[in-house]
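Please open the model in your viewer and keep the sequence panel visible. This tour proceeds by selections, and each stop states what to select and what is found there.

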Amino acid sequence: MSIKPLIILPDPVLRQVSKPVERVDADLRKLADDMLETMYDAPGIGLAAIQVGEPRRLLVIDLAKEGEPPAPHVFINPEVLESSDQRSVYEEGCLSIPDYYAEVERPASVRVKYLDRDGKLQEIKAEGLMATCLQHEIDHLNGVLFIDHISKLKRDMVVRKFRKLAKDKVPGKMVG
Ligand code: NI
């Protein structure tokens, strides 16, 4: 397994729409394992393949709390079948937008079908943090970021800040 570099705002790669996975093979499982390792290292609770520069419809999630055993989930070609009318608000962050958090309102529960890491068709009725996390990560597969769900004023401020950071980055310097 290896840790992959994360794609950071305002990199246009994050706006790409990812392509469906055609075959669940050893190659894809290795990518999923690398993504999990990258996510644990960050640390984060969810990661989409596009965030490590792979435009494939694949994401990983682990909601285990500190001190709990890891509970990795791999979702391939996930598709929202149903969203609740009831909505909930979570403070969200993103490994591609480090150190920025904002409240986002989304459907409180979703029914999602996907392939697991063995290529088997599965369905999950997700609620709470899992529902929010799945929607956040599926957004990534469509080139959508959580800052697209906040006010334009706030979004413009964040994008400006990250544009400036990217410009000021000294080559060879570790920025984190
Ligand atoms: Ni994210």
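Begin by selecting Cys-94 and His-136, both of which are buried. Please keep in mind throughout that this is a predicted model.

**Stop 1: the nickel ion**

Next, display the nickel ion together with the side chains around it. Which atoms coordinate the nickel ion? The donors are SG of Cys-94, NE2 of His-136 and NE2 of His-140, at 2.1 to 2.3 Å. In the sequence panel, these donors of the nickel ion follow the spacing C-x41-H-x3-H. Colour strand E4 and helix H2: Cys-94 lies in the strand and His-136 in the helix, so this pair ties together parts of the chain that are 42 residues apart in sequence.

**Stop 2: the cysteines**

Stay with Cys-94, which has a relative accessibility of 9% and therefore counts as buried, since the cut-off for that term is under 20%. Now select Cys-133 as well. Cys-133 is in no disulfide, and its nearest cysteine sulfur, that of Cys-94, is 10 Å away. A disulfide is a covalent bond between the sulfur atoms of two cysteines. The structure as a whole holds 0 disulfides. Is Cys-133 buried or exposed? Its relative accessibility is 6%, so Cys-133 counts as buried.

**Stop 3: along strand E4**

Select residues 87-94, which make up strand E4, and find Glu-91 within them. Glu-91 counts as exposed because its relative accessibility is 58%, whereas Cys-94 is buried. Then add Tyr-101, Ala-102 and Glu-103 to the selection; Glu-91 touches these three, leaving aside residues up to four places away in sequence. A distance label between the C-alpha atoms of Glu-91 and Glu-103 should read 4.1 Å, although the two are 12 residues apart in sequence.

**Stop 4: the aromatic pairs**

A pair of aromatic rings is described by the distance of the centres and the angle of the planes. How many aromatic pairs does the structure hold? There are 2. For one of them, select Phe-75 and Tyr-114: this pair is tilted, with 4.5 Å from centre to centre and 55 degrees between the planes. The pair links distant parts of the chain, as Phe-75 is in strand E3 (residues 73-83) and Tyr-114 is in strand E6 (residues 109-115), 39 residues apart. Phe-75 and Tyr-114 are both buried.

Move on to Tyr-100 and Phe-146, which form a stacked pair at 6.2 Å centre to centre, with 25 degrees between the planes. Here too the pair links distant parts of the chain: Tyr-100 belongs to strand E5 (residues 97-107), and Phe-146 to the loop between helix H2 (128-141) and helix H3 (152-168), 46 residues apart. Tyr-100 counts as buried because its relative accessibility is 18%. Phe-146 is buried as well, with a relative accessible area of 2%.

**Stop 5: the largest nonpolar core**

Return to Phe-75 and add Leu-59, Ile-124 and Leu-134. Of the 16 residues in the largest nonpolar core, these four touch the most other members. Strand E2 (58-61), E6, strand E7 (121-127) and H2 each give two or more residues to this core. Which element contributes the largest share? It is H2, with 6 residues.

Finally, show the surroundings of Phe-75. Its contacts, not counting residues up to four places away in sequence, include Leu-59, Ile-61, Tyr-114, Ile-124, Met-130 and Leu-134. Among these contacts, Tyr-114 is the partner of Phe-75 in the tilted aromatic pair.

Terms used
Residues are numbered from 1 along each chain as its sequence is written. This is a predicted model: local features need pLDDT of at least 70, side-chain atom pairs count only at pLDDT 80 or more; totals for chains, interfaces and linings use all residues. Side-chain values use heavy atoms; hydrogens and water are left out. Helices (H or I, at least four residues) and strands (E, at least two) are DSSP runs, numbered from the N terminus. Buried means under 20% relative accessible area, exposed over 50%, partly exposed in between (1.4 Å probe, protein chains only). Contact means heavy atoms within 4.5 Å. Rings of Phe, Tyr and Trp (its six-membered ring) pair if their centres lie within 6.5 Å; planes under 30 degrees apart count as stacked, over 60 as edge-to-face and the rest as tilted. Donors are N, O and S atoms within 2.8 Å of the metal (3.2 Å for Na, K and Ca); water is not among the atoms, so sites may look incomplete. A nonpolar core is a set of buried Ala, Val, Leu, Ile, Met, Phe, Trp, Tyr and Cys residues joined through side-chain atoms within 4.5 Å. A disulfide is a pair of cysteine sulfur atoms within 2.5 Å.
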